[in-house]
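Please open the model in your viewer and keep the sequence panel beside it, since this tour moves from one selection to the next. At each stop, make the selection first and then read what is there.

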Amino acid sequence: MASLPFTNDIRTLRFLAGEMTQGELGDRVGVTRQTIAAIEQGKYSPSLEVAFRIARCFDKPLEAVFQWSEGTN
């Protein structure tokens with residue numbers, strides 16, 4: 001399976017937010033714990049809406065949470 005052209009800092013942001021669990025983040029943005037785990041691991045690309053909800057949860061701009069590598073497509 002090829003990796004997605006996106007990386008993210010969700011795991012770090014969860015740790016900095018009082019060690020928030022994947023389940024807690026999922027509840028806050030309206031997705032399952034498994035979805036958060038897959039996004040963190042780069043196995044799943046979230047919808048734009050979910051990406052914005054995750055960023056908002058950490059009070060960060062989208063680019064501070066998700067990064068896109070142009071050279072991988």
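## The whole chain

Of the 73 residues of the protein, 32% count as buried, where buried means under 20% relative accessible area, exposed means over 50%, and partly exposed lies in between, with a 1.4 Å probe and protein chains only. This is a predicted model, in which local features need pLDDT of at least 70 and side-chain atom pairs count only at pLDDT 80 or more, while totals for chains, interfaces and linings use all residues. Residues are numbered from 1 along each chain as its sequence is written, and side-chain values use heavy atoms, with hydrogens and water left out.

Switch to a cartoon view, and you can look for five helices and two strands, which follow the pattern β-α-α-α-α-α-β along the sequence. Helices (H or I, at least four residues) and strands (E, at least two) are DSSP runs, numbered from the N terminus. The radius of gyration of the protein is 12 Å, close to the 11 Å that the globule rule gives for 73 residues, so the protein is as compact as a globular protein of that length. Here the radius is taken over C-alpha atoms, and the globule rule is 2.2 Å times the number of residues to the power 0.38. If you turn the C-alpha trace along its principal axes, it spans about 35 × 25 × 20 Å.

## Select residues 20–65

Colour this span next, for which an unreviewed UniProt entry lists "domain: HTH cro/C1-type"; UniProt positions are given in the numbering used here, feature names are shortened, and annotations may be inferred rather than shown by experiment. The span is 65% helix and 0% strand, and its end C-alpha atoms lie 15 Å apart.

## Select helix α2

Helix α2 covers residues 22–29, and in it Gln22, Leu25, Gly26 and Val29 are buried. Seen down the axis of α2, these buried residues fall within an arc of 100°, so they line one face of the helix; the arc is that of the directions from the helix axis to the C-beta atoms. On the other side of α2 you will find Asp27 and Arg28, which are exposed. The cover over the buried residues of α2 includes α1 (10–16), α3 (33–40) and α4 (48–57). Just after α2, stop at Gly30, which takes a positive phi of about 85°.

## Select helix α3

Moving on to α3, you can mark its buried residues, Ile36, Ala37, Ala38, Ile39 and Glu40. What covers them includes β1 (6–8), α1, α2, α4 and β2. After α3 comes Gly42, whose phi is positive, near 75°.

## Select helix α4

In α4, the residues Val50, Ala51, Ile54 and Ala55 are buried. Viewed down the axis of α4, they fall within an arc of 135°, so they line one face of the helix, whereas Leu48 and Arg56, on the other side, are exposed. Among the elements that cover the buried residues of α4 are α5 (62–65) and β2 (66–68). Asp59 follows α4 and has a positive phi, near 55°.

## Select the core

Which residues have the most contacts inside the largest nonpolar core? They are Ile10, Leu25, Ile54, Val65 and Phe66, in a core of 15 residues. A nonpolar core is a set of buried Ala, Val, Leu, Ile, Met, Phe, Trp, Tyr and Cys residues joined through side-chain atoms within 4.5 Å. Helices α1, α2, α3 and α4 each supply at least two residues of this core, and its largest share, four residues, comes from α4.

Now show the side chain of Ile54, which, leaving aside its neighbours within four places in sequence, is in contact (heavy atoms within 4.5 Å) with Ile10, Val29, Ile36, Ile39, Val65 and Phe66.

Then go to Phe66 in strand β2, which is buried, with a relative accessible area of 13%. Not counting residues up to four places away in sequence, Phe66 touches Thr7, Asn8, Ile10, Ile39, Pro46, Ala51 and Ile54.

## Last stop: Arg14

Finally, select Arg14 in helix α1. Is Arg14 buried or exposed? Arg14 is buried, with a relative accessible area of 12%. Apart from its neighbours within four places in sequence, Arg14 is in contact with Glu19, Met20, Thr21, Gln22, Leu25, Glu40 and Phe58.
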